[in-house]
Structures are given as structure tokens and as C-alpha cells.
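Me: I have just opened this one and would like a walk through it. Could we take it topic by topic?

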Amino acid sequence: MAAIFQGVGAAAALSSLPSNSFDSNKSVFSPRRSFSVRKGASFAVVRSDGTVNLNPKGRRTQQLIPNAVATKADSAAASSSSKPGHELLLFEALLEGLEEEMERDPRVCVMGEDVGHYGGSYKVTKGLAKKFGDLRVLDTPIAENSFTGMGIGAAMTGLRPVVEGMNMGFLLLAFNQISNNCGMLHYTSGGQFTIPIVIRGPGGVGRQLGAEHSQRLESYFQSIPGIQMVACSTPYNAKGLMKAAIRSENPVILFEHVLLYNLKERIPDEDYICNLEEAEMVRPGEHVTILTYSRMRYHVMQAAKTLVNKGYDPEVIDIRSLKPFDLYTIGNSVKKTHRVLIVEECMRTGGIGASLTAAITENFNDYLDAPIVCLSSQDVPTPYAGTLEEVTVVQPAQIVTAVEQLCQ
Amino acid sequence: MSTAFSSAKFSTQPFLLNPTSAASHESPLLFAKPTSQFLGSTRKLRLSSSSKLNLSRRSGTVVAVSDVVKQKKSKSTPSLLITKEEGLELYEDMVLGRAFEDMCAQMYYRGKMFGFVHLYNGQEAVSTGFIKLLKQQDSVVSTYRDHVHALSKGVPARAVMSELFGKTTGCCRGQGGSMHMFSREHNLLGGFAFIGEGIPVATGAAFTSKYKREVLKEADCDHVTLAFFGDGTCNNGQFFECLNMAALWKLPIVFVVENNLWAIGMSHLRATSDPQIYKKGPAFGMPGIHVDGMDVLKVRQVAKEAIGRARRGEGPTLVECETYRFRGHSLADPDELRDPAEKAHYAARDPITALKKYLIENNLAGEAELKAIDKKIDEVVEDAVEFADDSPVPPRSQLLENVFADPKGFGIGPDGRYRCEDPKFTEGTAHV
């Protein structure tokens, strides 16, 4: 069990009892992970083996960060007392984050199909329309390109819209606006207009949803200059990333996954955000670095169980920030383990894994003892048939095999 | 005007016109029966004179300003459409637009500006007619043919010319160019290279205006947005999608179609099943108006109504301005497809000449005064060129500055620091 303590400055400490029930896989894996909480000046990570590691170089950059997280009034004076937090599902975490930001800033509004009266096709905006009104939670007609553009125009003129793609794949229709305006407008206007927009939605391979509803758009969007992309994977980071994305002055695309919405976790009561540019250390280890994101994190952790039983010690990092990559966390890991395995749900060609492989090779080639192995989905339109669908994405058995081969 | 919005209750019934034949120009009523506000100006002007055009492709009756003058005189009620100050303001704005664009052509051929440059000659009446009615806080969204919209909105000629030269003193620091004119101060929201791209942005700006009034409770927020685009855009999905949304939520926006009949080399009639664009407004539940875009006074009258409608919260309007560009689509266009007779016809209806005639014949201004304005504008434009010439080009360090509003977006480097702290970033030499 990992506990997190606050460093200098911030008041509340929290201990969490991370219990994850991944319903669809019907497996519960042991929470051998520590995760960093960004609050105030510094943070400490307590490893599962008990050693405390105050983040060394620190984010000296903290002075840069204009929007320090507002912690609620100095509740727990004692830094070691624990807050119980509250348990919820991932979609509820997203909803909570969104709701809190909407309460905090009246300029935050939501636009998308069925976000209002219907509450969102995955219930991420449930109840918001009743609370904030039909204009703040806007039910749009089915016109992705135009309502995304409308969100961009609203962002340019002072609002902070959160645009929902009912399924990420639908945002292909909005590619014009996302690429040309969302990403580039700040630049072509010479910095005059900011686009503090959040574009979010569920993507990824679900349960036999068919090819078009099972798309991974992170590979298509990653070349667009001027945007940031993050992928959430737990209720904790879902809420944190949602809030950070809304507060960011940059346009952010938040990738959620259709199969992760019902993950349950205990999250803190206080206000917190997750840094948009940071990766998350899921499980520290020594033998191999496994980089993953979104749903594949759970396949990796499942494989990790098997690997541990076989005597391996994998280090698992959820990269979270798909663009830009957190080269610090990744680099430190590579320097330690010298072996890298990337496990992603993206397509093989031109995916996040491909970019990550290039980035690691460019920056850390000297530290590698073996070529980087990248496990991605097959370059195949996701078939409907369950048996075929299963083999288009990476399964835990493949991960185990890959690690074994890598560590020879 | 009914406030409850549904097309069933909408008081204006669309389509009393023969909807099919593109070449038909007999019908006198060329707009869907509008709301009462519009009955005043345009109809009077139109019905008063006979159809002058023989060009079979045109579908509107065209009334020259001179005819209006005659009509007014014959009625012997000397009610002029503008005051002297307004007249001079309009004249100066149109002359600025024309002189600036002519200078652009010169500078382009001298190698001072590059790329795609789309000039506005001939269409000045639309820009001046609409934009001069706006307040500073109102927004304008344009297309790649945006120099004159920028000038009309108040962006200094110096800033626009510098931008065209690619200098760092340009309104977008040289990073946008001819097709991306932006000005936060003057609420010019671009400048878009792909057609139709700006219309949703304009819809968003109008949405913000409504949001400010209704959610943020800024009760006096009545900012209006104008979206300018061409005939080619009217076949694009974003146009229709935004007409729907704007009418649905009654956004304070005016959709201004600058129908100059040509999309590069594609004639509007060859590209459009029903070329009467104004008719598409009522299909979405908003008034659709057709106006002679070569006549700044007529445009201004229609604009007043449309902008007033938006300001009062009554929703959007679609205005189709029949206009013409005297030059090719861009400076790279040899302009071989257009019929010289057509060009001559419109050249004879030069909006600047027409306004000049109106001002003089109505004793609003004298020759000398107008010539003085011409001269003044020449000086302004020359000064703009000089300024642009003397301005510095963007230094290398400018390369990465505006990629992100929050430069943390470049991420964390291998050394643990944010990459934007790396001095190479401020120098512009870092690899992103």
C-alpha cells in the first residue's frame, strides 16, 4: 500500500487505499503502485518498499505554473493524518471534475451531442444541464465540424468550452477545425487569440462495436502543432486531467476509453489536478520499462502479475501525456532498466508508439541494451467478431512473451 | 417580431418565387418575403426601376444609385440615405480599400509579398456598407480575401501591409500572412485559408455574445458578429450547419454572402443547383435578403436592418450581396474564363464611382473634397508601404513563441525541466 505525503507548503496529506476493480476483466490486481500528487511546492512519493523519495530536481519549473492548485482551506494540519476520500467510478470522476470546474469558473461550458438532457451517452455530463442550464450545457445538432468550430470561436472570444465527441471517431469530421483552427490559430494570429478549449470523448476498441466506433485518433492528431493530448486511465487521473485541461490555456484533447468508464477507485476529497505534461509511475521496477496508456495499462498490469510470478520486475509507466511526451520520467526509467517495451492500443503505423520509439531512440539510445519493442494493435479495421477483435489488440500473453524475449 | 422560434410560427413564409429556373429574372420580388423591417428600404429601391440587365445569368434586378437619385428627386421629398459625415466616411473607407489593394498588386509584382494574395477590388461596397455600422466590440470573420475587411474594421493600414510583407510589425507578427489577418483589439477573428472554416468560428463568437448576456448576466452585451464568405462557400457543409445552429439558438450573427459569381474559375451557376443563395435562409428559419452589392447605400440599408435584428436578439439573417471582383481570384489567377462583357458591365458599376456621383449630385460633398480624400488615402497607403519596408523581419527567436499560449505544452525534457526553459527555445533553434 502506498501512501503519499505532502511536502513543504501544502497542507493535506492523503493516503489512499487504491482498490481497482476492473469489472470487465473480472480481475483485481494488487495495487503495487505509487502515484504522484501535484500540489504546492513539492511532493513525495512513498514507494511500496517504504523508501521515501522526495522528487530531486524537482519541478524547479513550479514558479512557471500560474495556476497553482487551489487546495481547500488548510484542513488537516497534521501532514500525516489521512483523508478517507470517496469512492466513485471513472465517468463519475470526469463528471465531478467537470462540475467543479464549471462551478469555479462561469465561463466553462460544455457542447456536444446529447450532453444536456440526455446526460451524455456515457453519462459524463449527467445532471449538469439541470444544474447549469441549457446554454452552459449545450445540446448540439449532429454537426461535428461546425460545433467544434463554434467551440473554437467561443474560446477565442472569452469562453472556455469543453467539446464532447460522442465517440472520438466522430471527431474525424471535425478534423478541419481541430487541425487548422484549434491547433494553429494561436500561432497564425501572432499570439493574439488563445484557444482554451478541451476536446474530449471516448475512443478505443470496445466490445464488438465495429470498425468505425473503435478508432484511436491519437495517432491522427499527434502531428497537429499547438495542441496537447492526454489520455486518462484511472478515476484519479481522469478527474485530475479533466480539471487541468480545463484550466490550461492551451487546446487540450482528452482521450477517454469506452471500456474504462466503470472503473472504481477511491479519490481524494480535496481539489487536485494532474499535470498535463507528466507521466505516471504505476509500478516501479528494475528489469524492463513498459510504457503504456489508457486501457492497455490494465493489460500490462495483468501481464505484470504473471511476470512477477516468473521472477521479472517490470517498471510500468502510464505515459498519460501523449503529446508532448514526458521525457524525464521516461528517460529516468530507461536509464535504469535499459530495456523498453511499449504497449499501446494505437495502430502500428504512425501511432503513438512509433513516435515514442523515435523519441526514445533519439534521446536515450546510449542507454538501451536492446532495441525498443513496440506492441500495437494490428493495422486492421476492428472486426465485429469477438474472436477477431480480441486479436487485433494487444493481450497480456503477448506482453509477457515480449518481456521474456526482451530480457534474454 | 415573434420571439418564440419555430419555423411553423415564423411569420415570413418563404418561397413565393419560382424556385427552379436559374436564369429567370422576371420575378420582381427577389427575396423571400421578409420580416416587416425589411420592407422599407430595399423593396422601394428595387421596384422603382425597371430591370436594367440583359445578362441572362443575373437573377436580380439591379438598380443603379443614379436611379435612386432620380426616384428621390421625383418624389420631391429630399430624404437622403446618409449624412455628409457618413458619406465621407464611406467614401474614404472604400477608397482606402481600393488604393490598398492596388498597392498590394504592385508590391506583389515587385517581390515584396508572396504566396497567395486575394484582392478585393470591386467589392468594397460590401465591406464598407456592413462594417462601418459596427462597434469596436462587434466581431468580423472573413476569408482569405480579408485585407479590406481588416481595414474597414479599423486595423491600421501599416499593420496590414507589414503583415503582407511578412514583417514582425504586422498585425500577426508576420506569422499569418495575407490569408490570416487577425486583430484582437479590433475583434477581427480572421482570416481563414479554407473556405467555410471561419463560419463556425463566427457562430462561436456570436454564441459567446449570447452566453455573456444570458449566463454571465452582462445585460448590455449585444455584440454582433458578421461572417463574410463567398458564393462557393455556400455549397459547403459548414455553411448549412451554421445556418441551422445560428437560427436554432437565435445567435446575434449576420451571414454575409459576397456573391461575386466565381469561385476561382468555377461559375456559381455551374456549381449550384439553386443559385439563389438568399433563398436558403428561410429554409433554416431566418430571413434571406438579396441586395445589390455594388451599391454601398443599399448594402448599408440592409445591413442596418440585419445588424439591428441581431442586436435586438431576434436572431440571424442571411444577406446575399451581388457583387463582383474586378481582378482575378488571386494574383496568380490569369482570369481567362470570365466574359469581358461581364467584366465591363460591372466595371461600369464601380461602387466608388457610384457613391461619388451620389455625393456630388446631392450636394453632400464637392469634387475638391473628394479629391482631397483620394490624396490623403494615397499618402496613407504610401506610408504603410514605407513602414512595412522599414520594419524588421521576424528574428529566429520568434519561431516558437506562439505555438502554445502556455509554453509548458512543449513538455518536459530529459533533464526534468520544462523544455520551454531551455534557452534554445527562446532562441528559436530548439527542435520541437
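Reply: Let us settle one term before anything else: a salt bridge is a side-chain nitrogen of Lys or Arg within 4 Å of a carboxyl oxygen of Asp or Glu. With that in hand, A:Glu96, A:Glu100, A:Glu101, A:Arg104, A:Lys239, A:Lys243, A:Arg247 and A:Asp271 are linked in a network of such bridges. Please keep in mind throughout that this is a predicted model.

Me: Ok, what are the overall scores of the model then?

Reply: The model scores ipTM 0.82 and pTM 0.81. For chain A the mean pLDDT is 84, with 80% of its residues at 70 or more, although over residues 1-81 of chain A the pLDDT is below 50, and that stretch has 148 contacts in the model beyond near neighbours in sequence.

Me: And chain B, what is its average pLDDT, and where does it stay under 50?

Reply: Chain B averages a pLDDT of 85, and 81% of the residues score at least 70. Over residues 1-61 of chain B, however, the pLDDT is below 50, with 121 contacts for this stretch beyond near neighbours in sequence. A further stretch of chain B, residues 67-77, also stays under 50, and for it the model has 15 contacts beyond four places in sequence.

Me: How many helices and strands does chain A have?

Reply: Chain A comes to 12 helices and 18 strands, and of its 408 residues 63% count as buried. If you take the contacts in chain A with a separation of 6 or more, residues 24 or more positions apart account for 81% of them. Chain A exposes about 14300 Å², and carbon and sulfur atoms supply 54% of that area.

Me: What about helices and strands in chain B?

Reply: Chain B has 16 helices and seven strands, and 59% of its 432 residues count as buried. In chain B, 73% of the contacts between residues at least 6 apart in sequence join residues at least 24 apart. Its accessible surface comes to about 16400 Å², of which 55% belongs to carbon and sulfur atoms.

Me: Back to that network. Which side chain does A:Lys239 meet in a salt bridge?

Reply: The side chain of A:Lys239 meets that of A:Glu100, at 2.9 Å from N to O. A:Lys239 lies in helix 7 (residues 235-247) of chain A and A:Glu100 in helix 1 (residues 90-104) of chain A, so the pair ties together parts that are 139 residues apart in sequence.

Me: Are those two buried or exposed, and why?

Reply: They need separate answers. A:Lys239 counts as buried because its relative accessibility is 0%, whereas A:Glu100, at 22% relative accessibility, counts as partly exposed.

Me: How many salt bridges are there over all chains, and which side chain pairs with A:Arg200?

Reply: A search of the whole structure finds 46 salt bridges over all chains. In one of them the side chain of A:Arg200 meets that of A:Glu256, at 2.6 Å from N to O. A:Arg200 is in strand 9 (residues 198-203) of chain A and A:Glu256 is in strand 11 (residues 252-257) of chain A, so this pair ties together parts that are 56 residues apart in sequence. Both A:Arg200 and A:Glu256 are buried.

Me: Now the interface. How many residues does the contact take from each chain?

Reply: The contact takes 58 residues from chain A and 54 residues from chain B. Between them the two chains bury about 4700 Å², 64% of it on carbon and sulfur atoms. On the chain A side, A:Leu135, A:Tyr187 and A:Gln192 supply 15% of the area that chain A buries against chain B, more than any other three residues.

Me: How many salt bridges and polar contacts are found across that interface?

Reply: Across the interface of chain A and chain B there are zero salt bridges by the rule used, while 21 residue pairs are in polar contact, counting pairs with both residues at pLDDT 80 or more. Several elements of chain A each supply at least two residues of the side that touches chain B, including strand 6 (108-112), helix 4 (175-183) and helix 10 (352-364). Helix 3 of chain A gives the most to that side, with eight residues.

Me: Last one: where is B:Ser267, and what does it touch?

Reply: B:Ser267 sits in strand 5 (residues 266-267) of chain B and counts as buried, at 8% relative accessibility. Leaving aside residues up to four places away in sequence, B:Ser267 touches B:Leu261 and B:Trp262.

How values were computed
Residues are numbered from 1 along each chain as its sequence is written. Chains are lettered from A and ligands numbered from 1 in the order in which they are written. Side-chain values use heavy atoms; hydrogens and water are left out. pLDDT is the predictor's confidence in each residue, from 0 to 100. Contact means heavy atoms within 4.5 Å. Helices (H or I, at least four residues) and strands (E, at least two) are DSSP runs, numbered from the N terminus. Buried means under 20% relative accessible area, exposed over 50%, partly exposed in between (1.4 Å probe, protein chains only). Accessible areas come from the Shrake-Rupley method with a 1.4 Å probe; for residues, only the protein chains shown count as cover. Buried area is the accessible area (1.4 Å probe) that two parts lose on being put together, summed over both. A polar contact is a pair of N or O atoms within 3.5 Å; within protein, one must be able to donate a hydrogen and the other to accept it, and residues adjacent in sequence count only if both atoms are side-chain atoms.
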